[in-house]
Each structure stands twice: as C-alpha cells, then as structure tokens.
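Please open the structure in your viewer and keep the selection panel at hand. The stops below are meant to be taken in order.

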Amino acid sequence: MPSVHERDVIRTIRRVKDPDSDKDLISLGRVKELTVRGGEVAFKVLVDPARPLSETVLKDLRVMLEELDGVEKVAISVQQQAGVASGPAKRPAPAQPIPGVDHVLAVASGKGGVGKSTVAVNLALAMAAEGYRVGILDADIYGPSLPTMMGLKGVQPVVVEKRIQPIEKYGVRVMSLGFLVEEDTPMVWRGPMVHSAVTQFLREVDWGRIDWLVVDMPPGTGDAHLTLTQGVPLDGAVIVTTPQDIALIDARKGLRMFDKVGTRVVGIVENMGTFVCPDCGAEHEIFSRGGGRATAERYGVPFLGTIPLHQDVAPSGDGGDPIVHSRPDSPIAARFREIARRILSGA
Ligand SMILES: Nc1ncnc2c1ncn2[C@@H]1O[C@H](COP(=O)(O)OP(=O)(O)OP(=O)(O)O)[C@@H](O)[C@H]1O
Ligand SMILES: [Mg+2]
C-alpha cells in the first residue's frame with residue numbers, strides 16, 4: 001500500500017505562505033486535525049471570512065501534496081473562523097533587536113530538570129570554540145543556575161555608564177539574573193513582572209558585539225513563558241528533552257508554543273538519551289528508543305543529536321567548569337560541538 005510520512009506532509013504544507021503575514025499555515029496555527037493514513041492525507045484549514053485565502057493558495061497546496069511520493073488522496077476542508085487570518089490573536093509588537101547581538105538562540109524545555117542549562121552552557125562554549133563571539137543569558141528567574149555552572153557564584157557585575165557589564169568566563173560573556181538576586185530570595189514574581197524584568201534587563205546589558213546570544217529559558221510552556229518568548233527577539237529555539245514519554249509530551253507543548261509565536265524551532269536535543277558505562281565506555285539505550293528523534297520527525301523539525309547520561313557531566317557543571325571546557329577531548333564534549341555545528345550551519 002502506498003504511504004507517505006507525516007513529516008513530509010508537514011514540510012510541504014509549511015511551504016505555503018499566507019500572503020498577508022508571509023508566515024506559513026502551520027506556524028500560524030491554521031492547519032487542524034491533520035491525519036496521514038497510508039496514502040491518504042486529510043486536514044482542515046481555518047480561514048478568516050473577512051480575509052479569505054485565495055483559491056489558488058489552496059489549489060497549489062493540494063497539487064504540491066498530490067505530487068508527494070505515496071500520496072493517493074488529499075482531502076482539505078475549509079473552516080471559517082473570524083480573526084485567524086493574521087495568526088495568533090493579540091500578538092504584541094515584535095521585540096526590539098538587542099544592540100550588538102546578531103543572533104539570539106533560546107534553549108528551552110517543556111519540563112524542568114531535563115538538562116536545559118547544561119545544554120545551554122555547553123552549546124555556548126562549543127560555539128565559542130568554533131570561533132564565534134558568544135554571550136549566554138540566564139533568563140531562568142525561578143532558578144538561575146549559570147552562576148554555579150560557570151563558576152561565578154557570588155560574583156557581582158559592575159555597571160559602567162548605566163549599563164551592566166557581563167562577566168567574561170571560558171571565552172563567553174555571561175549574564176544571569178542570579179547575579180542580581182540573593183540565592184535565598186523567594187521568587188514570587190508573576191508572569192508580567194518576569195517579562196518586564198527580563199526584557200529590560202536584556203537591554204541594560206552591555207554585550208558589546210556578539211554573534212550569538214544563547215538564552216537559558218525557564219522551564220515551561222505557560223503564559224509567563226509565552227510572554228517572555230515574545231519579549232526577547234528570538235531567531236530560533238532549541239528544545240531539550242529526555243526520552244521519557246512525560247518529557248516528550250512537554251517537549252511537544254514547547255514545539256507548539258514556539259509555533260504559535262512564530263519562532264523557528266532549530267531542532268531537538270535529546271539529553272540523557274543513552275547511558276555510557278563508566279567501566280567499558282559502551283553506550284546503552286536505557287529508556288524507550290529514539291523518542292527525541294521520533295518527536296522531531298513527527299513535527300518536521302531537525303533532530304540535532306543525543307547527549308548521553310554520563311558521570312562526568314554533572315560534577316563539571318555543578319562544579320563550575322562545564323565539560324566542553326574541562327574535558328574538551330571527551331566524547332561528550334565532541335557531541336556538544338557536533339550539535340553546535342549543526343545549529344551554526346542552520347540545522
Ligand atoms: N547528560 C547528562 N549526564 C549526567 N548528568 C546530567 C546530564 N545533563 C544534565 N545533568 C545533570 O542533571 C541535573 C539537571 O540539569 P540542569 O540543571 O541542566 O537541568 P535544567 O533543565 O536546566 O533544570 P531546571 O529546570 O531546574 O532549570 C544537573 O545536576 C546536571 O548536572
Ligand atoms: Mg536550568
């Protein structure tokens with residue numbers, strides 16, 4: 001029986017742009033109830049009656065899908081819904097660029113504790129090792145961990161001409177909300193406060209000229225997170241997940257959230273996906289196989305790679321000297337550099 005992969009269908013639909021906003025129909029959240037069974041593709045397209053999609057757009061989409069290998073039948077139904085034409089409603093004005101910063105990359109996860117900060121820090125160091133000027137910002141106001149991970153606990157940044165100077169460490173410029181709050185301060189900040197704190201903070205930092213700013217986002221996909229995402233001018237987001245189902249479900253929520261705000265997901269990194277045996281060095285699969293890769297394929301985003309669970313990762317991070325810096329010749333550091341290269345080359 002002929003069959004087509006859902007990923008290829010999603011990719012094809014993504015090639016069709018809404019003429020008003022120049023964003024694709026999937027990023028705009030206008031494709032619903034997509035099913036791909038064997039060679040049969042079916043979905044709904046939401047259309048604003050006030051600004052209907054032209055007949056040719058839908059016709060082109062049908063022809064493109066019919067031309068895919070394995071597709072036998074395409075059923076597109078159109079549903080009228082007011083206010084969908086320009087994408088997610090009430091989106092605030094686009095975030096202002098940060099002076100001196102070329103690209104901003106968010107490292108995010110739906111679920112906490114999956115190794116987001118570990119990945120953010122090591123990717124930043126790996127990008128610097130590739131010769132780029134890199135900054136790293138800890139936007140995790142609930143649990144800033146960069147001061148610990150970068151060996152900068154208790155460090156106070158200086159202010160020059162009203163601008164906060166990042167701290168240079170291991171060849172990257174570091175800024176953390178953790179520098180500005182006491183470790184035991186209760187963080188009862190609500191969403192809008194977090195938003196204004198981070199966006200204001202971001203502009204008061206004197207980054208100088210940098211190629212990449214890596215942002216360690218707080219975990220979650222709730223409203224506070226969404227607001228934060230919109231306040232920072234992101235060029236792309238990397239989603240970190242572990243292979244367990246519960247983390248993957250949250251990773252999917254993260255994918256949908258970035259889709260909703262129109263931020264490109266650069267790809268998925270699976271952390272602690274395998275286990276490296278300390279005695280023999282062999283790499284074993286301990287959880288369900290390839291969950292991160294399968295999720296990436298399902299949503300049509302690149303799979304950037306797996307970082308194994310390894311006994312050297314935690315002590316180096318928790319001890320303030322991340323593995324890409326402390327053990328640059330280790331296989332784990334090589335994995336981080338591979339992933340960084342994939343991101344730098346546009347994944
Ligand atoms: N690949 C790995 N191998 C071994 N330990 C790891 C690995 N990745 C992360 N860890 C350890 O797991 C713990 C959680 O990692 P990390 O703080 O990076 O997660 P996080 O997602 O940023 O958490 P939070 O949601 O609290 O911000 C840390 O102690 C870290 O050193
Ligand atoms: Mg963290």
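What follows is a tour of a predicted model, with a hairpin, a ligand shell and a helix pair as its stops.

Begin by selecting residues 31-37 and 40-47, which are strands β1 and β2, and display their backbone: the two strands pair in the antiparallel sense over five bridges. If you then label Val36, you will find that this residue stands opposite Val41 in β2. Two residues lie between β1 and β2 in this hairpin, and Gly38, in the turn, has a positive phi of about 60°.

Next, centre the view on ligand 1 and show the 21 residues around the ligand, of which Gly112, Gly115, Lys116, Ser117 and Thr118 come nearest. Colouring by secondary structure helps here, since the elements that give two or more residues to this shell are α3, β12 (265-276), β14 (303-309) and α9 (313-318). The largest share, four residues, comes from α9. Coloured by class instead, the shell shows seven nonpolar, 11 polar and three charged residues.

From the ligand, follow α3 to its packing partner by selecting residues 116-129 together with residues 331-344, the latter being helix α11; the two helices pack at an angle of about 75°, with their axes 8 Å apart. The pair is therefore roughly perpendicular, as angles of 65 to 115 degrees are counted that way. To see the contact itself, show Asn122, Leu123, Ala126, Met127 and Ala129 on α3, and Phe336, Arg337, Ile339, Ala340 and Leu344 on α11. By class, this contact of α3 with α11 has eight nonpolar, one polar and one charged residues.

Conventions
Residues are numbered from 1 along each chain as its sequence is written. Chains are lettered from A and ligands numbered from 1 in the order in which they are written. This is a predicted model: local features need pLDDT of at least 70, side-chain atom pairs count only at pLDDT 80 or more; totals for chains, interfaces and linings use all residues. Axes are lines fitted to C-alpha atoms, for helices over the stretch in contact, and angles run from 0 to 180 degrees between N-to-C directions. Angles under 35 degrees count as roughly parallel, over 145 as roughly antiparallel, 65 to 115 as roughly perpendicular and the rest as oblique. Two residues are in contact if their C-beta atoms, placed from the backbone, lie within 7 Å. Ala, Val, Leu, Ile, Met, Phe, Trp, Tyr, Cys and Pro count as nonpolar, Asp, Glu, Lys and Arg as charged, and the others, Gly among them, as polar. A residue is near a molecule or strand if its C-beta atom, placed from the backbone, lies within 6 Å of it. Two strands pair if DSSP finds at least two bridges between them.
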